[in-house]
Amino acid sequence: MSRFTMEEVGWTPRIPPVEAETATPAQLAALEACPPAQRRSTYFLTLAQDPASLGERGALFNTVMYAPRGLPRADREFSTAIVSMTNGCVYCTSVHARRFADLSKQPEAMQRVLDEGHAVESDPRRRAIADFSEKLTRTPDAVTAADLAPLRAVGMDDLQVLDLIHSIAMFANANRLMQSLGESTPPAA
Amino acid sequence: MSGDDLIEDILGIAPGSPLAELRRRRPEALRHAQGAYRELLMPEDPGNVSHVDRAALALRAALREGDEALAARFRALLEAASAQEAIMLAEDLSDAPMEGRLAALLRYADVVAARPEDVTQDTIDALTAMGLTPRDIVAVTQLVSFVPYQVRVIAGLRAMQEEAAS
């Protein structure tokens, strides 16, 4: 039984999050730079303790995940779910697996990868994305042009490859923040 | 140096080259990656984590991630500040016991960079006991977690460079 799930997973911070009522103007401004749906989450309120880094990092996250054109959003979500599984971040995996399932309307494909790992993925595009995501996550220094060939073979252009690299890199960051500053709390059995 | 972009400087991506132009199709990713770098390494108000501490933590994270070129940039920041002792501590990857505040911060960087699943409430409480505020703890964690972002963007772009050259 895999520990990864698409269900809602909780996250408990290890330091106190900022309280919306007592947030400083700098903290509120930094939160405004973050994706609207997440700016009141416990996680972002925890990051708001250091508004300078949250503002820039939140804006970076926003453009990496939501910038128009280039890599379809479903592909970005799938990739970041794979990165999160590779890094063992149960919370991030649940969020991005859910978003992929919503965007792609293929929850069963996502569930299979969560249960059995992406070696079972038979869709060539998703398989190429998953393999590259895992390798750049685990062994960035071993990645070469040969690792891009499967992405090109499924039709990715330069902008799509760049977007994929950005998504994978962003979750090297996001998973570490999430795992260090708090704890995933699995759904009640 | 192509503008003030650290990554293009490391990879030798020339202004106007196809890869430089490609990256400019995502201008906000460039701008905010540089912004995050600035706010994490040399913030105007560094709280209880000095610019030297920050560069030492980034150096340590880059070494743990095996990116020598990036590590050299952080080492240069420390050299410019004549922080030889910080360089020595950050570059000592042996398990030899290290005393002091920076050493404790570096050990936190080791866990966040390489084994973030191993961080516990005790890990964080030990930072608080050293006098770090919640803001300092978030800043240090953001910094150490940002280096892995840089490492993977550099590795991915290097593969694209190699692909274009073949």
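Here a biologist and a modeller talk through a predicted model of chains A and B.

Biologist: Let's start with confidence. What makes chain B one to read with trust, in terms of pLDDT?

Modeller: The mean pLDDT of chain B is 94, and 98% of its residues reach 70 or more. The scale runs from 0 to 100. Among the elements of chain B, helix 1 (residues 6–11) has the lowest mean, 93, and helix 4 (residues 51–64) has the highest, 98. For the model, ipTM is 0.96 and pTM is 0.96.

Biologist: Good to hear. Why is A:Arg69 called exposed?

Modeller: Count its neighbours: A:Arg69 has 10 other C-beta atoms within 10 Å. Exposed means 12 or fewer, so A:Arg69 with its 10 is exposed. You will find A:Arg69 in the loop between helix 3 (51–66) and helix 4 (73–87) of chain A. A:Arg69 also has a positive phi, about 60 degrees, although it is not a glycine.

Biologist: And how do you know that B:Ser82 is exposed rather than buried?

Modeller: By the same kind of count. B:Ser82 has 10 C-beta neighbours inside 10 Å. Buried would take 20 or more, and exposed takes 12 or fewer, therefore B:Ser82 counts as exposed. B:Ser82 is in the loop between helix 5 (68–80) and helix 6 (84–91) of chain B, and its phi is positive too, about 50 degrees, although B:Ser82 is not a glycine.

Biologist: Now the two chains together. How many residues does each chain bring to the contact?

Modeller: Chain B brings 41 residues and chain A brings 42. A pair is in contact if the C-beta atoms lie within 7 Å. On the chain B side, helix 3 (27–41), helix 8 (121–129) and helix 9 (134–165) each supply at least two residues. Helix 9 of chain B gives the largest share, 21 residues.

Biologist: What makes up that side of chain B by class?

Modeller: The side of chain B that touches chain A has 23 nonpolar, nine polar and nine charged residues.

Biologist: Last one: which domains does chain A have, and how many residues link them?

Modeller: Chain A is divided into domain 1 (23–66) and domain 2 (73–185). Their C-alpha centres lie 23 Å apart. Five residues of domain 1 are in contact with seven residues of domain 2. On the domain 1 side, helix 2 (42–47) and helix 3 of chain A give two or more residues each, and helix 3 of chain A gives the most, three. That side of domain 1 divides into four nonpolar, one polar and no charged residues.

Technical notes: Residues numbered from 1 in each chain as written. Chains lettered and ligands numbered in written order. Predicted model: local features only at pLDDT ≥ 70, side-chain atom pairs only at ≥ 80, totals over all residues. Contact = placed C-beta atoms within 7 Å. Helix = DSSP H or I, 4+ residues; strand = E, 2+ residues; numbered from the N terminus. Nonpolar A, V, L, I, M, F, W, Y, C, P; charged D, E, K, R; others polar. pLDDT = per-residue confidence, 0-100. Domains from an automatic or database assignment.
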